[in-house]
Amino acid sequence: QVQLQESGPGLLKPSQTLSLTCTVSGGSLTTAGFYWTWIRRPPGKGLEWIGTIDKSDTSYISPSLKRRTSISMDPWKNQFTLQLNSVTPEDTAVYYCARGEYSPYYSENNPPPGPWGQGIQVTVSS
């Protein structure tokens, strides 16, 4: 069974860079037909798709976050990483990694089919 697990710092100060890693077990990042995504849920709000990386190392980033966001992968370790620069308190959220299929693009109404990681709380505060 494919499982995903997020890891990284849970508390940041404004202007710092967030780096989260998703470790995938039971499957390969290079398997055809799958995509690897990051999604977040701010407190009291809905899901926001952040971006996706595919098996060819091509990334697709939400327009609202594109200038601050990058996604990378390490197929040997079965890991992919989110980097979000210049964080503010509005970046406070539970961050999830999840597997997608058929398309790299997602939204609150069209979330990745999964499986999903359990999520990690990230708080940005001065």
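## Report on an all-strand protein chain

At 47% relative accessibility, aspartate 57 counts as partly exposed, where buried means under 20% relative accessible area, exposed over 50%, and partly exposed in between, with a 1.4 Å probe and protein chains only. Aspartate 57 sits in the loop between S5 and strand S6 (59–61), and, although it is not a glycine, it has a positive phi of about 70 degrees.

The model is a predicted one, in which local features need pLDDT of at least 70 and side-chain atom pairs count only at pLDDT 80 or more, while totals for chains, interfaces and linings use all residues. Residues are numbered from 1 along each chain as its sequence is written, and side-chain values use heavy atoms, with hydrogens and water left out.

### Overall architecture

The protein chain has ten strands and zero helices, and its pattern along the sequence reads β-β-β-β-β-β-β-β-β-β; here helices (H or I, at least four residues) and strands (E, at least two) are DSSP runs, numbered from the N terminus. For 126 residues a compact globule would have a radius of gyration near 14 Å, and the 13 Å of the protein chain agrees with this; the radius is taken over C-alpha atoms, and the globule rule is 2.2 Å times the number of residues to the power 0.38. Along the principal axes, the C-alpha atoms fill a box of roughly 40 × 30 × 25 Å.

Of the 126 residues, 43% count as buried. The accessible surface comes to about 6700 Å², of which 47% belongs to carbon and sulfur atoms, the areas being obtained by the Shrake-Rupley method with a 1.4 Å probe, and for residues only the protein chains shown count as cover. Among the contacts with a separation of 6 or more, 59% are accounted for by residues 24 or more positions apart, contact meaning heavy atoms within 4.5 Å. The mean positions of the 10 positive and 9 negative charges lie 4 Å apart; Lys and Arg count as positive and Asp and Glu as negative, whereas His and the chain ends are not counted, and the place of a charge is taken as NZ of Lys, CZ of Arg, CG of Asp or CD of Glu.

### The nonpolar cores

In soluble globular proteins, nonpolar side chains tend to be buried together. A nonpolar core is here a set of buried Ala, Val, Leu, Ile, Met, Phe, Trp, Tyr and Cys residues joined through side-chain atoms within 4.5 Å. Of the 26 residues in the largest such core, Leu18, Leu20, Trp36, Trp38, Phe80 and Tyr95 touch the most other members. At least two residues of this core come from each of strand S3 (18–25), strand S4 (34–41), strand S5 (48–54), strand S7 (69–74), strand S8 (79–84), strand S9 (93–101) and strand S10 (120–124), and S3 gives the most, with four residues. A second, separate core of five residues includes Ile39, Trp49, Ala98 and Tyr106.

Leucine 20, placed in strand S3, counts as buried at 0% relative accessibility. Leaving aside neighbours within four places in sequence, the contacts of leucine 20 include Trp38, Phe80, Leu82, Tyr95, Ile120 and Val122. Its C-alpha atom is 9.7 Å from that of isoleucine 71, which is 51 residues apart in sequence.

Isoleucine 39 belongs to strand S4 and is buried, with a relative accessible area of 2%. With the same kind of sequence neighbours left aside, isoleucine 39 is in contact with residues including Leu47, Trp49, Ile50, Val94, Ala98, Pro112 and Trp116. The C-alpha atoms of isoleucine 39 and phenylalanine 80, 41 residues apart along the chain, are separated by 13 Å.

### Loops and backbone geometry

Most residues other than glycine have a negative phi, and most peptide bonds are trans. Besides aspartate 57, asparagine 78 has a positive phi of about 55 degrees although it is not a glycine; asparagine 78 lies in the loop between S7 and S8 and is buried. The peptide bond from glycine 114 to proline 115 is cis, with omega near 5 degrees, and proline 115 is found in the loop between S9 and S10.

Threonine 58 is in the loop between S5 and S6 and touches Thr52 and Ile53, not counting residues up to four places away in sequence. The C-alpha atoms of threonine 58 and isoleucine 71, 13 residues apart along the chain, are separated by 8.9 Å.

The relative accessible areas of three loop residues are set out below.

| Residue | Relative accessible area | Class |
|---|---|---|
| Aspartate 57 | 47% | partly exposed |
| Threonine 58 | 34% | partly exposed |
| Asparagine 78 | 14% | buried |
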